[in-house]
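Trainee: I've got some labels here that I'd like to check against their cut-offs. Can we go through them one at a time?

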Amino acid sequence: MKTVSIEVRPGEPREAAAIADVHRVSWLQAYGGLIPHRPLIRMVDRRDETWWRKATRGPATLLVIDVAGAIAGYATLGLSRARALPQEGEIYEIYLRPEYQGMGLGRVLFGEARSLLKSLGCDGLVVWCLEDSDQAYHFFQSAGGRDIAEGMEDFGEKHLKKVGFVWK
């Protein structure tokens with residue numbers, strides 16, 4: 001029997017290219033057909049290797065999930081940007097490469113991100129997702145999140161509803 005190592009840890013500057021690749025493929029898979037093509041490509045292209053190298057040193061925490069030496073996904077987290085909500089922590093992004101989805105790795109990464117926010121003293125957690133992103137919506141719902149807030153995101157000429165899931 002072969003053992004595969006799975007580790008959640010802070011992302012490092014030397015991993016910026018791998019994180020940028022995770023971002024590109026996961027966003028194109030998650031939002032293709034939902035967000036108009038041009039705005040989606042612009043958003044993806046902005047987050048190149050240089051951007052992610054800076055993000056590893058930025059104010060938000062960047063976690064990666066490493067599976068047998070490959071970066072399978074990432075999460076960014078920090079203080080909540082939703083001042084009207086009582087939750088103090090926020091997971092800004094959580095994405096996995098498509099080939100690593102459906103194996104429980106998202107739950108592992110989410111759990112580690114949530115635990116880290118709690119250890120930093122954040123009381124409660126909020127995560128936002130596009131309402132029409134069925135996969136994300138069901139992921140957060142099955143993780144015990146309560147859909148209690150909504151807002152809008154603009155992508156060029158298209159306006160999409162987002163929902164805020166919260167945990168205590």
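Trainee: Why is D45 called partly exposed?

Mentor: The relative accessible area of D45 is 41%. Buried needs under 20% and exposed needs over 50%, with partly exposed in between, so at 41% D45 gets the middle label. Keep in mind that this is a predicted model.

Trainee: And what makes R24 partly exposed?

Mentor: Same reasoning: R24 comes out at 32% relative accessibility, so the label is partly exposed.

Trainee: How do you know that D45 and R24 meet in a salt bridge?

Mentor: Their N to O distance is 2.4 Å. The cut-off is a Lys or Arg side-chain nitrogen within 4 Å of an Asp or Glu carboxyl oxygen, so the pair qualifies. The bridge links distant parts of the chain, with D45 in helix α2 (residues 37-46) and R24 in helix α1 (residues 16-31), 21 residues apart.

Trainee: What makes D66 and R9 a salt bridge?

Mentor: Their side chains meet at 2.9 Å, N to O, and the limit is 4 Å, so they pass. Here D66 sits in strand β2 and R9 in strand β1 (residues 6-10), 57 residues apart.

Trainee: Why do D66 and R9 count as buried?

Mentor: D66 has 10% relative accessibility and R9 has 12%. Buried means under 20%, so both get that label. D66 and R9 also belong to a network of salt bridges with E7 and E15.

Trainee: What about E90 and R81: how do you know that they form a salt bridge?

Mentor: Their closest N and O atoms are 2.6 Å apart, and the cut-off is 4 Å, so that counts. E90 is buried, at 1%, whereas R81 is exposed, at 55%, because exposed starts over 50%.

Trainee: How many salt bridges does the structure hold?

Mentor: The structure holds 13.

Trainee: Let's move to the nonpolar part. Which residues touch the most other members of the largest nonpolar core?

Mentor: I91, F110 and F140, out of 24 residues in that core. Among the elements that give two or more residues are β4 (89-96), α4 (105-119) and α5 (134-142). The biggest contribution is from α4, with 5 residues.

Trainee: What does F140 touch, leaving out residues up to four places away in sequence?

Mentor: F140 touches I94, F110, V127, C129, G145, F165 and W167. Apart from this core lies another one, of 21 residues, including A16, A20, L40 and A55.

Methods. Residues numbered from 1 in each chain as written. Predicted model: local features only at pLDDT ≥ 70, side-chain atom pairs only at ≥ 80, totals over all residues. Heavy atoms only, no water. Core = buried A, V, L, I, M, F, W, Y, C linked by side-chain atoms within 4.5 Å. Buried < 20%, exposed > 50% of the residue type's maximum accessible area, 1.4 Å probe, protein only. Helix = DSSP H or I, 4+ residues; strand = E, 2+ residues; numbered from the N terminus. Contact = heavy atoms within 4.5 Å.
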